[in-house]
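Grab a viewer and a notebook, and let's work through some exercises together. Each one sets a task and then walks through a solution.

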Amino acid sequence: MTNLVSAIIRKATADDIDAIAEIERECFPDPTAYSKPQLAYLILRANSACFVETDSKALRGFIIVLYRKGTIVGGIETIDVAPAFQRRGVGLRLLAAAEEDMKTRGMKFSQLEVSEGNKAAIELYKKAGYMVNERLVGYYRFEHCGTRDAVRMVKTLS
Ligand SMILES: CC(C)(COP(=O)(O)OP(=O)(O)OC[C@H]1O[C@@H](n2cnc3c(N)ncnc32)[C@H](O)[C@@H]1OP(=O)(O)O)[C@@H](O)C(=O)NCCC(=O)NCCS
């Protein structure tokens, strides 16, 4: 329990990419996982913000937000919590950090797409105030959690 107290959320740096890629591999089987170069691009080069929750020993999880010019909708590209740290509130804290960042950049809505089969993630988003906005049939090229269909979920940022 002690290490829960010392957890902090901060912006990711280049030094975090290895640990982030490891969590991505733990969370998603091939071919659905982002590769390390893809994650490095998303985190270090894209118009994005990436937050990590860490303690003195481990990186517990990360979230990537993507921004596009000319829109007031911020996009959650992915959120992963290392299996050893799941169900401890890390996901909700990372979502809150991402939403704060969106608000500081003038975003009015947070949006994401998630596999219809990813019940854990859908429950997380619902708990954080997201609502299903649209069903996306055949959204994924490969099956995620047993289906290629997804839902788009949206939250109004206040
Ligand atoms: C989805 C994920 C990010 C949740 O992270 P987490 O840190 O475990 O979530 P939290 O502890 O903040 O959970 C908050 C709430 O979400 C819901 N939830 C989280 N995991 C759940 C699960 N396995 N089953 C059902 N509900 C779940 C619950 O309502 C939970 O509240 P509770 O623990 O009080 O019941 C994590 O399971 C994960 O990394 N999964 C693999 C990667 C992934 O699918 N990412 C989403 C891509 S769209």
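**Exercise 1: a strand pair**

In which sense do β6 and β7 pair, and over how many bridges?

Solution. Keep in mind that this is a predicted model. Start with the residue ranges: β6 covers 131-136, and strand β7 covers residues 150-156. Next, look at the pairing, which is antiparallel and runs over five bridges. For a landmark, find E134, which stands opposite R152 in β7.

**Exercise 2: the whole sheet**

Work out the strand order of the sheet, and find which strands stand at the edges.

Solution. Step one is the order: the seven strands of this open sheet run β1-β2-β3-β4-β5-β7-β6, and the pairing is mixed. Step two is the edges. β1 (8-11) and β6 each have a single partner strand, so one side of each has no neighbour in the sheet. Step three is the twist, which averages 25° from one strand to the next.

**Exercise 3: mixed pairing around β4**

Compare how β4 pairs with β3 and with β5.

Solution. As background, strands of a sheet pair through backbone hydrogen bonds, in a parallel or an antiparallel way. Take β3 to begin with: six bridges join β3 to β4, and these two run antiparallel. Within that pair, I63 has I79 of β4 as its bridge partner. β3 and β4 form a hairpin with six residues between them, and in the turn G70 has a positive phi of about 80°. Now turn to β5, where four bridges join β4 to β5 and the two run parallel. Here V73 stands opposite F109 in β5.

**Exercise 4: helices on the sheet and on each other**

Describe how α2 and α4 pack on the sheet, then how α2 packs with α3.

Solution. On the sheet, α2 touches β3 (59-66) and β4, and its direction makes about 95° with that of β3. Helix α4 touches β1, β2, β3, β4 and β5, with a direction at about 35° to that of β3.

For the helix pair, two quantities are needed: packed helices are described by the angle between their axes and the distance between the axes. Helix α2 (residues 17-27) and helix α3 (residues 36-45) pack at about 120°, with axes 10 Å apart. That angle makes α2 oblique to α3. The crossing is right-handed. Contact comes from I17, I20, A21 and E24 on α2, and from K36, L39, A40 and I43 on α3. Sorted by class, this contact has six nonpolar, no polar and two charged residues.

**Exercise 5: unusual backbone geometry**

Which peptide bond is cis, and where is P31 found?

Solution. The reference point is that most residues other than glycine have a negative phi, and most peptide bonds are trans. The bond from D30 to P31 is cis, with omega near 0°. P31 is in the loop between α2 and α3. Check R87 as well: its phi is near 65°, a positive value in a residue other than glycine. R87 sits in the loop between β4 and α4.

**Exercise 6: around the ligand**

How many residues surround the ligand, and which element gives the largest share of the shell?

Solution. Count the shell to get 20 residues, the closest being Q86, G91, A120, E123 and L124. Then assign elements: β4 (73-81), α4 (90-104) and α5 (119-127) each give two or more residues. The largest share, six residues, comes from α5. Finally, sort by class: the shell has nine nonpolar, five polar and six charged residues.

How values were computed: Residues are numbered from 1 along each chain as its sequence is written. This is a predicted model: local features need pLDDT of at least 70, side-chain atom pairs count only at pLDDT 80 or more; totals for chains, interfaces and linings use all residues. A residue is near a molecule or strand if its C-beta atom, placed from the backbone, lies within 6 Å of it. Ala, Val, Leu, Ile, Met, Phe, Trp, Tyr, Cys and Pro count as nonpolar, Asp, Glu, Lys and Arg as charged, and the others, Gly among them, as polar. Axes are lines fitted to C-alpha atoms, for helices over the stretch in contact, and angles run from 0 to 180 degrees between N-to-C directions. Angles under 35 degrees count as roughly parallel, over 145 as roughly antiparallel, 65 to 115 as roughly perpendicular and the rest as oblique. A crossing is left-handed if the near helix is turned anticlockwise from the far one by less than a right angle, and right-handed if clockwise. Two residues are in contact if their C-beta atoms, placed from the backbone, lie within 7 Å. Two strands pair if DSSP finds at least two bridges between them.
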